[in-house]
Amino acid sequence: MNLEHAHYTDEMEQNSVVQSSLTEAQVKVVNHQHGPLLVLAGPGSGKTTVVTKRIAKLIENGVAPWQILALTFTNKAATEMKDRVHAQLNYDPQKVRGLTVATFHSFCARLLRQWGDRIIGTTSYSIYDSADQKSAVKEAIKRCELNTSNWKPASALAAISNAKNALIDCETFAREASDFYARNVAKIYTAYQSILNENDAVDFDDLLMLTALLLQQDDEVRESVQERFQYLMVDEYQDTNHTQFVIANLIAKNHRNFCVVGDPDQSIYAWRGADISNILEFEEQFSDCAVIPLGQNFRSTQHIVDAAASLISHNKNRKEKRIYSELEVGERPVVKTLMDEYEEAETIVSEATKLIGKGVPQKEMAVLYRVNALSRVLEDAFRRAGVPYSVARGTAFYDRKEVKHALAYLTLILNPKDNLACERVINVPTRGIGATSLQRLKLYAHQHQMSLLQAALSVCKEDGFSKRALNAMVEFANTCLKWREDAHSEDSMTAAASLADVVERVVRESGLEKLYSTNPTEEDYERLQNLEELVSASTEFEQRFMESQDTPQTPLVLLSEFIQQVALVSDADAIDPEQGAVTLMTLHASKGLEFDFITIAGLEESMLPHQRAQFDDDQLEEERRLCFVGMTRARKHLLLTNAKRRMHRGLTERTMASRFLSELDEEHVDFGDVAVINKQVPMPAETKPSSEIQLGSVVRHARFGIGKVQRIMRRPRGSTVTVQFSTTVKHLVLEYANLELVDEFEVNDYTPEY
DNA sequence: AACTGTAAACTTTTT
DNA sequence: GTTTACAGTT
């Protein structure tokens, strides 16, 4: 497992060779060493080169490396930046000692490992992933005695996450909640926090929020952090949220050596709380700051840059900014319209094959899409054609059942109060502690204010447990505690020698290994291999961690770092160019990367722009930026595809070409034989088809297919229609039926599969 | 207590 | 089309 691999180093070298001499603007950035600095870096503007040169120069000018903090968005970006600073300094270990390059989240996690007792109450906290969050919020809703059908975990969680991203803790939220909805969310939020608290756990957003609060409230911590990090740099600043802004500001506000780098046109995370005003208002926040725009693109050929520029110019809410390329004119981006997703996938694979034949390496190719669901058909096509591919799904490995179980055991070693982890594995492999026993145990633990693991040791027959369950619980708890003791132990006879020892031991002694190795099915065998892979991942982690440390660490510290790192992997981190495979990933995951050949698939209305963003101007502009980001990943070849029909939730639906295609400047794009792409903006929000439905209209329903409207009952609210479908007649409520108006002639030229 | 099969809910995007 | 939740069976 390459969790944190150095990526694209050879392209980067290549890039810096091309750019052996810096432009005037780039030189300005490198030479700006003190005071606030805003770098507006367009795509492919050599941002990473410039930023790493700037850091290297700071160090060569006598700034101690440990005084520099650079914050990035993904682990991958952090690793790459660190490697390139190392390279700039000729890999002299003395010159990079203590240099901190990290993601916001991992930086905060580390800070809380040090100071967490002042705000969480412990430094050995668990980090809850989205599955853990979901079960915690479910429990919270239950505790609030709210109706679970009205209060969906996902929406409550979204509200809580938004609050945390805006640095609103549950007390503040409760104080400010005015309406019914907000008051209930406040209740859930408060209950959710106390659940996390009971488990000594934090979620992703807490890592940021608690760090911000800690820096605000605790003078000693703030001063120590301010003192240490005299130089701060934040990458992808357009995608930071308010809480991150507060953290950065608290660190930098005295010395003001604060450099931010970003591009408002590449802001694609507003949906998760990113606040674009952070970058737009930086100049006002720091009135004496230098602003340096980097507009020249050194990555892509001219047609690609110009086509992308023509697309982004359609955003109204935007600061005009010229981007241009002085590389060769190059090929025009190609648009291809295919019949369905299968033909689309085949076309993409055959274009890739063609380019492979021309000598373009597979690792220089990527296929981008809006939603993960699109990967399946593409994967099938690549597999059938025998073209190696890899899907950027960093978390996929750690989401596997067996891996999650092993990790839960390991988490329990670090944090015996983590009841969620305990609950996950107390009966895996099955040891006779069923649903009833577990319920009883939870009740007991709750009544006696103790953790599940503690409770498992103190319950007895009188509490209503069977002898079998009782024995199993005691054995389970003792095993967990023994692991913990041994990992702690200073005694070299019993102490685990390494992290991998601990992991291996847990896999063996938990019974997971036995579970999958006694007369294994094919699936069991695969699970066993995954467990082995986890052991080797821990070995690999250990080696890399030791290299970066001066002093040896105890297995427990290593384990803690390992589990923390696992919790914070992202999809983009899984991209491993060494494998020589075509990369498949979401548009979001492609941020910051570059490839010779890029395909963006599924350029259709309701796909890109996505359905849920279609009717909101701000969200629509974010979709356009997302498309812009995708296009500007390409160095030399860019293919844009759409399918005339696509399967969605098991039903084949007709699609419309994305409006973004019609926004591309024809001069720079090859529309091939489909030059007749609908140039008009399709289906503006006002003319939703359902508002035009009348007697005799032909409509499509997601489930029942195509039908004819026979009767309409117009009411101010809840108009009903009677529709004759091919097999049935249905009475539907207009507002909820989601009927799509179909032109009759379209029905004829289109033969649906149902 | 553990397993097996069927119904329903569902998908943006992620640290 | 896929995953999860729940009910029913041994």
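The following conversation goes through the main features of a protein chain modelled with DNA.

Trainee: What kind of model is this, and how are residues numbered?

Mentor: This is a predicted model, in which local features need pLDDT of at least 70 and side-chain atom pairs count only at pLDDT 80 or more, while totals for chains, interfaces and linings use all residues. Residues are numbered from 1 along each chain as its sequence is written, chains are lettered from A and ligands numbered from 1 in the order in which they are written, and side-chain values use heavy atoms, with hydrogens and water left out.

Trainee: How many helices and strands does chain A have?

Mentor: Chain A has 32 helices and 22 strands. Helices (H or I, at least four residues) and strands (E, at least two) are DSSP runs, numbered from the N terminus.

Trainee: What share of chain A is buried?

Mentor: Of its 754 residues, 55% count as buried. Buried means under 20% relative accessible area, exposed over 50%, and partly exposed in between, with a 1.4 Å probe and protein chains only.

Trainee: And what share of the contacts join residues at least 24 apart?

Mentor: The share is 74%, taken among contacts in chain A between residues at least 6 apart in sequence. Contact means heavy atoms within 4.5 Å.

Trainee: Turning to the DNA, which residues are closest to strand B?

Mentor: The closest are R370, T436, S570, T586 and R612, out of 25 residues that surround DNA strand B. A residue is near a strand if one of its heavy atoms lies within 4 Å of it. By class, this surface has six nonpolar, 12 polar and seven charged residues. Here Ala, Val, Leu, Ile, Met, Phe, Trp, Tyr, Cys and Pro count as nonpolar, Asp, Glu, Lys and Arg as charged, and the others, Gly among them, as polar.

Trainee: Which parts of strand B lie within 4 Å of the protein, bases or sugar and phosphate?

Mentor: Both occur: 54% of the strand B atoms within 4 Å of the protein belong to sugar or phosphate, and the rest to bases. The side chain of H105 has an N or O atom 3.1 Å from a base oxygen of DNA strand B. A polar side-chain atom of R272 is 3.5 Å from a sugar or linking oxygen of that strand. For G432, a backbone N or O atom is 3.2 Å from a phosphate oxygen of DNA strand B. A polar contact is a pair of N or O atoms within 3.5 Å; within protein, one must be able to donate a hydrogen and the other to accept it, and residues adjacent in sequence count only if both atoms are side-chain atoms.

Trainee: What surrounds strand C?

Mentor: DNA strand C is surrounded by K138, R376, M647 and G650. In the side chain of K138, an N or O atom is 3.4 Å from a phosphate oxygen of this strand.

Trainee: Now the helices. How do α11 and α13 cross?

Mentor: Helix α11 (residues 204–217) and helix α13 (residues 242–252) have axes that come within 9 Å and cross at roughly 35 degrees. Axes are lines fitted to C-alpha atoms, for helices over the stretch in contact, and angles run from 0 to 180 degrees between N-to-C directions. The residues in contact include L208 and L215 of α11 and V246 and L250 of α13. By class, the contact has eight nonpolar, four polar and no charged residues.

Trainee: Is α13 itself mostly covered or exposed?

Mentor: Helix α13 is mostly covered, with 10 of its 11 residues buried. At its start, a side-chain oxygen of N241 comes within 3.1 Å of the backbone nitrogen of T243.

Trainee: What does F286 touch?

Mentor: Leaving aside residues up to four places away in sequence, F286 touches P36, N249, R256 and F258. F286 lies in the loop between α15 and β8 and counts as buried, at 4% relative accessibility. In that loop, S287 is exposed, with a relative accessible area of 68%.

Trainee: What about the phi of R256?

Mentor: Phi of R256 is near 60 degrees, a positive value in a residue other than glycine. Most residues other than glycine have a negative phi, and most peptide bonds are trans. R256 is in the loop between α13 and β7 (258–262) and is partly exposed, at 27%.

Trainee: Where are cis peptide bonds found?

Mentor: One joins V428 and P429, with omega about -5 degrees. Another runs from L608 to P609, with omega near 5 degrees.
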